[in-house]
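Hi,

Here is the structure I promised to pass on. Have a look at it first, and then read my notes below.

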Amino acid sequence: MQKEFNMPIPAPVQFVLDRLELAGYHAYCVGGCVRDSIMGIEPKDYDVTTSAKPREMQVVFSDCRVVETGLKHGTLTVVLEGMNIEVTTYRIDGTYDDGRHPDSVTFTDKLSDDLCRRDFTINAMAYSPERGLVDLYGGCLDIENRIIRCVGTATERFSEDGLRILRALRFASVLDFDLDEECSDAVGSMKHLLDKISRERIYVELTKLICGRGAARIMGGYPDVISYPLSIAEECVKRGAEIIRADKENGNRLKASARYAAFFESLTEDEGNRVFASLNPSREEARAVGRFLKYRGAEEFDEYSILKLMGKTVDSFPEELIDYELACGRMTCDEARKNRDLCRRLILENRPRRVADLAINGGDLMKLGLSGRAIGETLDRLLDEVIRGDVENEKEKLIKRVMSDE
């Protein structure tokens, strides 16, 4: 099925299409870039599918910078003007014995063979400037109706690749779509297939899901599926949905780390950290979530408390924690606004909040006769007094303070 549609195509992508067409092959933009263009969203990247076989693609782009990202599966990447354009031969996937990757692929001359192997109708459309839009499975209509629907049967698509279960929920969240009835039923009944998926891939999909426009609705509608790979109670996901829903009303202020922390509101700090660590996040990502688990429920947001919190974490964290406390219902909008203003003022004033901000250092204390642990303890005490306003952050006054304590 073809429809009238003119897709804007960046020059590097047009170059790839033209090269293939001039060499006698058919070439189309395919997948997410077509979907996004139809929806009026600027694509983040572009994939091309072609009738050219892998060796033929190598010849066509022999004078270009090419990365052979997956040549045995028919894929290479053309690097042009700062863009990475993935080009893949029309193919038919074999069986998926591992529940994630095809055991083999067969190259084909038919675009229809390639489109029928894709996951969802909205991702199974192709576009060529010469031949227009090819929409064999009603992807345009599903976009219009805001529906996520599998190509073919949902059970078959999910059996091939269990990650598609989370991808379905992720697309529904990011695009704020609904799952059609068949897809919705299969997502729930086949969630056990997520056992075959790596933790890293689950983490990527979950992160996109919880940051989507429809995150609260999808989390609240599928708590059994989302809680399954995390091995937490469905109630944890429902509580997270409530917090993210409240945050949406407050202007979608929470970042991914705070949204993950929302999952763990009913868990202890150690339990929440352990669950999040099971997703194999980076060390920095784990620290970011851990900060919310450690400092949630903070009762004071006066100058002293905010500066101390900045010193223990990062300057931006107190304001992020305020947004989190607001979404959790532990702070009113007026309180949050006042506390945010205070955070921003303290940063603008560049008030001392770390030992490194003091006008005195360990070397100065050594000259005064201090050594070992006493140096660190003294610096910590001086910082606390400076933050409280008991002494000014001036070197002579700090030295005088130290000497008066001896």
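To start with one residue: is Y127 buried or exposed? Keep in mind that this is a predicted model. Y127 has a relative accessible area of 4%, and anything under 20% counts as buried, so Y127 is buried.

Aromatic rings are where I spent most of my time. There are 10 aromatic pairs in the structure. In one of them, the ring centres of F5 and Y127 are 5.5 Å apart with the planes at 75°, so this pair is edge-to-face. It joins distant parts of the chain: F5 is in the loop between β1 and α1, Y127 is in strand β9, and 122 residues separate them. F5 is buried too, at 18% relative accessible area.

Y203 and F276 make another edge-to-face pair, with 5.7 Å between centres and 80° between planes. Here helix α9 supplies Y203 and helix α14 supplies F276, 73 residues apart. Both Y203 and F276 are buried, and ring pairs link them with Y260, F263 and F264 into a cluster.

Two charges over rings may interest you as well. The charged end of R170 sits over the ring of F171, 4.4 Å from its centre, and R388 lies over the face of Y304 at 3.9 Å from the ring centre.

On to helix α16, where I306, L307, L309 and M310 are buried. Viewed down the axis, the buried residues of α16 fall within an arc of 160°, so they line one face of the helix. Their cover includes α15, α17, α18 and α20.

Finally, V225 in helix α11 is buried at 0% relative accessible area. Among the residues V225 touches are I165, L169 and V187.

Cheers

Note on methods. Residues numbered from 1 in each chain as written. Predicted model: local features only at pLDDT ≥ 70, side-chain atom pairs only at ≥ 80, totals over all residues. Heavy atoms only, no water. Helix = DSSP H or I, 4+ residues; strand = E, 2+ residues; numbered from the N terminus. Buried < 20%, exposed > 50% of the residue type's maximum accessible area, 1.4 Å probe, protein only. Contact = heavy atoms within 4.5 Å. Arc of directions from axis to C-beta. Phe/Tyr/Trp six-rings, centres within 6.5 Å; stacked < 30°, edge-to-face > 60°. Lys NZ or Arg CZ within 6 Å of the ring centre and 35° of its normal. Lists of a residue's contacts leave out its neighbours within four places in sequence.
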